[in-house]
Amino acid sequence: MSTPTVTPADLERAIRNVPDFPKPGIQFKDITPVLQDPRLFAASVELLTADLAPGSIQAVVGIDARGFIFAAAAAFKLGAGLVPIRKSGKLPYRTFEQSYDLEYGSNTLAVHVDAVPSGSRVLLLDDLLATGGTAQAAAALLTRLGAQVVRIGFLVELSFLKGRTRLRDFPVQSLVVY
Ligand code: AMP
């Protein structure tokens, strides 16, 4: 008997909602139950890469920190390199930096200046799309490197925060939409 196909509804059932984490009022979408289940983890990576032929992109870019998990697995599957976009101050070599506004204060992301050759086709991945500020800043860094962002993929999208409007210059894929 063949293994039943995993659907986005199966992923949705596994994602755990943790109220008031990391601060009051935030409904944190905990994706660790997806990672713990080998079928769900494999299926999430499969769904984020299904239409991309191995060799068709040069790098998968993951956003600090949960994006790294999906990006690493996707890079391995696609025969592509892995590029981390990290919070400012974490990457050791020369970097480009991009700041963006949060509800209170701001945040800065960084990428190594030589992370991908200009003209590279890249897939950008993170665990969750909320307001879109993080992914928008990451995509701006990749554009600055001369990379072509083929798609921005997420396991989860909080559609009521309208993050897609900030990413309108790029194709966006999300597996589970709330
Ligand atoms: P944003 O820049 O608003 O789209 O926020 C996206 C980033 O913040 C991602 O890296 C997520 O991991 C994290 N994040 C924001 N909101 C949540 C949430 N409700 N649950 C889990 N992670 C979140």
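A residue counts as near the ligand if one of its heavy atoms lies within 4 Å of it. With that cut-off in hand, here are some exercises on this predicted model.

**Exercise 1. The ligand site**

Work out which of the residues around the ligand come nearest, and find polar partners for its atoms.

*Solution.* Start with the neighbours. There are 13 residues around the ligand, and R66, D127, T131, G132 and T134 come nearest.

Next, look for N or O atoms within 3.5 Å of a polar ligand atom. On the nitrogen side, a polar backbone atom of K29 is 2.9 Å from a ligand nitrogen. On the oxygen side, the side chain of D126 places an N or O atom 2.8 Å from a ligand oxygen. The backbone contributes too: an N or O atom of G133 lies 3.4 Å from an oxygen of the ligand.

**Exercise 2. Order and edges of the sheet**

Trace the sheet from one side to the other and say which strands stand at its edges.

*Solution.* First, write down the order: the seven strands run β5-β6-β4-β3-β7-β8-β9, forming an open sheet with mixed pairing. Then check the ends. β5 (95-101) and β9 (172-177) each have a single partner strand, so one side of each lacks a neighbour in the sheet. Finally, consider the twist: neighbouring strands are turned by 20° against each other on average, ignoring direction.

**Exercise 3. Parallel and antiparallel neighbours**

Follow the pairing from β3 through β4 and β6 to β5, naming the sense of each step.

*Solution.* As background, strands of a sheet pair through backbone hydrogen bonds, in either a parallel or an antiparallel sense.

1. β3 (residues 59-63) and β4 (residues 81-87) are parallel, with five bridges. Here V61 has V83 as its bridge partner, and V60 stands opposite L82.
2. β4 and β6 (residues 106-112) run antiparallel and are joined by two bridges. K87 faces L109 of β6.
3. β6 and β5 are also antiparallel, joined by seven bridges. E97 stands opposite A110 in β6.

To close this step, look at the turn: β5 and β6 form a hairpin with four residues between them, and G105 in that turn has a positive phi of about 90°. As for burial, five of the seven residues of β6 are buried.

**Exercise 4. The helix on the sheet**

Identify the strands that helix α4 touches and give the handedness of its unit with β3 and β4.

*Solution.* Begin with the packing: α4 (residues 66-78) touches β3, β4, β7 (121-129) and β8 (148-157). Its direction makes about 170° with that of β3. Now follow the chain from β3 over α4 to β4, which gives a right-handed β-α-β unit.

**Exercise 5. A glutamate in β8**

Is E157 buried or exposed, and which residue does its side chain meet in a polar contact?

*Solution.* E157 is found in strand β8. The relative accessible area of E157 is 5%, and the cut-off for burial is under 20%, so E157 is buried. Its side chain makes a polar contact of 2.6 Å with that of S174. Beyond four places in sequence, E157 is in contact with S174, L129, R164, V176, V177 and Y178.

Terms used. Residues are numbered from 1 along each chain as its sequence is written. This is a predicted model: local features need pLDDT of at least 70, side-chain atom pairs count only at pLDDT 80 or more; totals for chains, interfaces and linings use all residues. Side-chain values use heavy atoms; hydrogens and water are left out. Two strands pair if DSSP finds at least two bridges between them. Axes are lines fitted to C-alpha atoms, for helices over the stretch in contact, and angles run from 0 to 180 degrees between N-to-C directions. Contact means heavy atoms within 4.5 Å. Buried means under 20% relative accessible area, exposed over 50%, partly exposed in between (1.4 Å probe, protein chains only). A polar contact is a pair of N or O atoms within 3.5 Å; within protein, one must be able to donate a hydrogen and the other to accept it, and residues adjacent in sequence count only if both atoms are side-chain atoms. A crossover is right-handed if, with the strands pointing away from the viewer, the path from the first strand over the helix to the second runs clockwise.
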